[in-house]
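Hi everyone, thanks for coming. Today I'd like to walk you through one protein structure, a piece at a time. Have a look at it first, and then we'll go through it together.

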Amino acid sequence: MPFVETDPSEPRDTSSAVSGAPASVGPKETEPQNAEGALSAGPEESVLGPTYRWISIGMCVLILLAAFESLAVTTVMPLIAEELAGQSLYALAFAGPLAVSVVGMVLAGNWADRRGPKAPLYSAVALFAIGLLLAGTATSMEALVAGRLIHGLGGGGLTVALYVIVARVYPHVLQPRIFAGFSAAWVIPSLVGPFVAGVIAEAVSWHWVFLGVVALVIPALFMVVPALRSMVHAPDAEATVPRWDVPRILWAALAAVAVLVLNLSAEAAGWVLWVLPVLAVVVLALALRPLLPVGALRAARGLPAAVLVRGLIAGAFFGAQVYVPLILTGRYELTPSLAGLALTVGGVAWAVTAQIQGRYSATLSHARCLQIGLLLLGTALVVTITATALALPALVLIVAWAFAGGGMGIMYPRTSVIALQSSTEADQGFNSSAIAISDAIGAAISIALAGIVFVLLAPVGGVWPFVGCFGLATVFWLVAVLVRSRASVSVPAH
């Protein structure tokens, strides 16, 4: 489909766009609609107004639970790896779920394009809960990783389903604000999640960090169901229903396998340690081409570059973050609850800056948000490397991670909005899954490569394995800086 480029330095005037929510059983012919079929709403409408209140709250609760699980697991994983003697699988416990989430994203995107986002959402939540249950009852690191893989499959589908719901329900002018709401849903988990997870692991058992979330996921889903039934319109009976894209699903599975192989190659020896990662990266690049917009891997201007930037900043941030609690507990000998402070300040900063970009969405352009966000993230990475190499106080690392979170809070909502504003209803699922795939794969590749770097530098000892991991994350940031100027909204031609 041809695209018309827009100038990213000039905010689009979306205030004149028709806005609102779809009717309960389809748009009424007598009411104005936007391109996605949403009914027009008044200019004073907000994401917490009468039209959108319950769907907004329900989705944010699901995001909140996913945020708690993510932050909690990152906090207690050093303790889990030590207790289960699974240090060799530490990186895989993070990168594995991200890798298989790609399959969930593609399935959910294809399913949403065919039948709408409701069924993908229900299925994703079920897999999410089953994975947490298996991880929470695991007695070996292998069993825990298996549960994390199932959880990752559901988490990937959950992300895409929620993105499609945003595209189908909210007008363009409100999309930055609901994504800001998603980021704000990280506030409570960021404030108490890492500390609570650490306390639970120290006082009771890390198993309850997983099992406690399971008890809350299903009630959260039921908050969304009534609103979904009334707000997401039924597809046009005369419209052509897209087929199941079996080749794309298989490419997604191949990409997941390549990332898993990349992770496991850290355990190889001799020439295999050098050849296997290269082969995995080549296979991954081939598998990603049909999963992303044309030109994404070469940073073609517009949506493709925005999708690539999303993956690069995810790699820079999460590739470093998984090793922050590890160095704080291992080198600085902090308890898991205290080590979680870095994740706390990072998450809070993420939510605060996300709210700022949402509040000023009409005047703060996408390009400026990416510029500011990359500056904050780069500052955090440089300070983290310096503090690690010079053995500066742990507080320096914790404060640095506030800058990292602040940068992500500005950039993440805007890359999501670029994807949605570059989409029609026919390709909302594809583009939503593409931005999420880039997110997951970027983080998974960075974590996997960091695991290899950590193993290679382990004989050197000291802080150098951590310096190497943080340095690798900085490489992802540098590439993002180089391609940032090419990311912009590509408006579909009608």
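**Two alanines, a helix and a pocket**

Let's begin with A299, which counts as buried because its relative accessibility is 5%, under the 20% cut-off for that word. Before I go on, please keep in mind that this is a predicted model. You'll find A299 in the loop between helix 9 (271–288) and helix 10 (303–321). What is the sign of phi at A299? It is positive, near 60°, in a residue other than glycine. That catches the eye, since most residues other than glycine have a negative phi.

There is another alanine to set beside it. A391 is not a glycine either, and its phi is positive, about 55°. This one sits in the loop between helix 14 (366–389) and helix 15. Is A391 buried or exposed? With a relative accessible area of 56%, A391 is exposed, while A299 is buried.

Next, helix 5. Eight of its 10 residues, 175–184, are buried, so the rest of the structure largely encloses this helix. Among those buried residues are P176, I178, F179 and F182. What do they pack against? Their partners are helix 1, helix 4 (141–169), helix 6 (187–203), helix 13 (341–359) and helix 15 (394–421).

Helix 1 is also home to T74. This threonine counts as buried, at 5% relative accessibility. A polar atom of the T74 side chain lies 2.8 Å from the backbone oxygen of S70. Leaving aside neighbours within four places in sequence, T74 touches F94, Q321, V322, P325 and L343.

Now for the empty space. Rolling a probe the size of a water molecule over the atoms shows where space is left. The largest pocket holds about 530 Å³. It is lined by 26 residues, and the closest to its centre are Q87, S88, Y90, L326 and F454. Several elements give two or more residues to that lining, including helix 2 (90–115), helix 8 (246–264) and helix 16 (428–457). Which helix gives the largest share? That is helix 1, with five residues. By type, the lining has 16 nonpolar, seven polar and three charged residues.

Last, the cysteines. How many disulfides does the structure hold? The number is zero. C60 counts as buried at 18% relative accessibility, and C369 is buried at 0%.

That's my tour. Thanks for listening!

Conventions:
Residues numbered from 1 in each chain as written. Predicted model: local features only at pLDDT ≥ 70, side-chain atom pairs only at ≥ 80, totals over all residues. Heavy atoms only, no water. 1 Å grid on protein atoms, 1.4 Å probe; cavity = no way out; pocket = protein on both sides within 12 Å on 5 of 7 lines; lining within 4 Å. Points joined across faces, edges and corners; volume = space filled by probe spheres on them. Helix = DSSP H or I, 4+ residues; strand = E, 2+ residues; numbered from the N terminus. Nonpolar A, V, L, I, M, F, W, Y, C, P; charged D, E, K, R; others polar. Buried < 20%, exposed > 50% of the residue type's maximum accessible area, 1.4 Å probe, protein only. Contact = heavy atoms within 4.5 Å. Polar contact = N/O pair within 3.5 Å; in protein donor to acceptor, adjacent residues only side chain to side chain. Disulfide = S-S within 2.5 Å.
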